[in-house]
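Dear colleague,

I am handing over the structure below, and my notes on it follow. Please read them with the model open beside you.

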Amino acid sequence: MRGLPLAPLVLAGHTGTIWSVGFLPDGKQVISGSADMNVRAWRVEDGDEVGTVVEGEGVVMAVSASGDEKWIATAGAEKIITIWNATTHEKVVELEGHSGPGLVCSLGFSPDSARLVSGSADGTIIIWSTTTGKQLAGPLKGHTSKARSLGWTPNGQQLIAGCDNGYIKFFDPSTGSEIAQWKGHNGIIHSISISGNGNFFASGSQDKTVRLWDTTTRQQISPPLQHDSYVYSVAISRDGRHLASGGEDNHARIWSLIGVLPQCLLENAPTSTTSTCNAVRVYLSTKLC
């Protein structure tokens, strides 16, 4: 395994648990959604807060930004998914479809920004059209544990999910069938984030760790990134050089992955000017299974 990263930048400002973090497409800012009902933006370079606070309509459990930089999606305890104009912060549309018990705890835009996937604590997943607001698939059922975390691979052909029982699962989004699974953590996996080139991904868990994985071999890459409290959200920057995490202690963190990852896993990573793949996979803690 590779070595541990330098100490992270600690971002203080929220007054409640941070449930969701993610990078904006330019890779220069991190956004965070919290139980204090606010979404905040932070500069990666020095951790300073930038812009105005976006006030949600309830606890913000998940936030995601589209790769085309047009939309920001939020969701939480109200079971309503809201899509906002990323520039003006005006509300564009509200999506309703999760009707079971539990909140919507996971969001992720597809690489082409044409679809949005949502995961609920009732164990269901819905795939939406971002142009029409209609459901394209789902509610997909069959999970034996709650839908906590999920992320699209850059080619849009697989979903990676993190589950309550600590397992990581790969799914075919066109059929809902399971491709692979393994035990990744010793606690609930609250968040999954996939690198822009698809070579590696991160998982954040209630076992107070963030773990990095090789997408092809499914082997752990480095020692766990240790936290002092539950980790509820992780996100990888588009170029794969930084990782953001947030959790129970109300603080977001920005980690440098330089020296932690082998160089081969960073090859062909998209840049801030590249309009490919996971864009703002601001999964801000895109949560699923």
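In which loop, between which two strands, does Asn250 lie? Asn250 is found in the loop that runs between strand E23 (242–247) and strand E24 (252–256), where strands (E, at least two residues) and helices (H or I, at least four) are DSSP runs numbered from the N terminus.

Before the rest, a word on the source: this is a predicted model, in which local features need pLDDT of at least 70 and side-chain atom pairs count only at pLDDT 80 or more, while totals for chains, interfaces and linings use all residues. Residues are numbered from 1 along each chain as its sequence is written, and side-chain values use heavy atoms, with hydrogens and water left out.

The chain as a whole contains 25 strands and 0 helices. Of its 289 residues, 58% count as buried, a term that stands for under 20% relative accessible area, with exposed meaning over 50% and partly exposed in between (1.4 Å probe, protein chains only). Among contacts (heavy atoms within 4.5 Å) with a separation of 6 or more, 50% come from residues 24 or more positions apart.

Two residues deserve a look at the backbone. Asn250, which is not a glycine, has a positive phi, near 75 degrees, and is partly exposed, with a relative accessible area of 23%. Ser113, also a residue other than glycine, has a positive phi near 65 degrees; Ser113 sits in the loop between strand E10 (104–109) and strand E11 (115–120) and is buried, at a relative accessible area of 4%.

With best wishes
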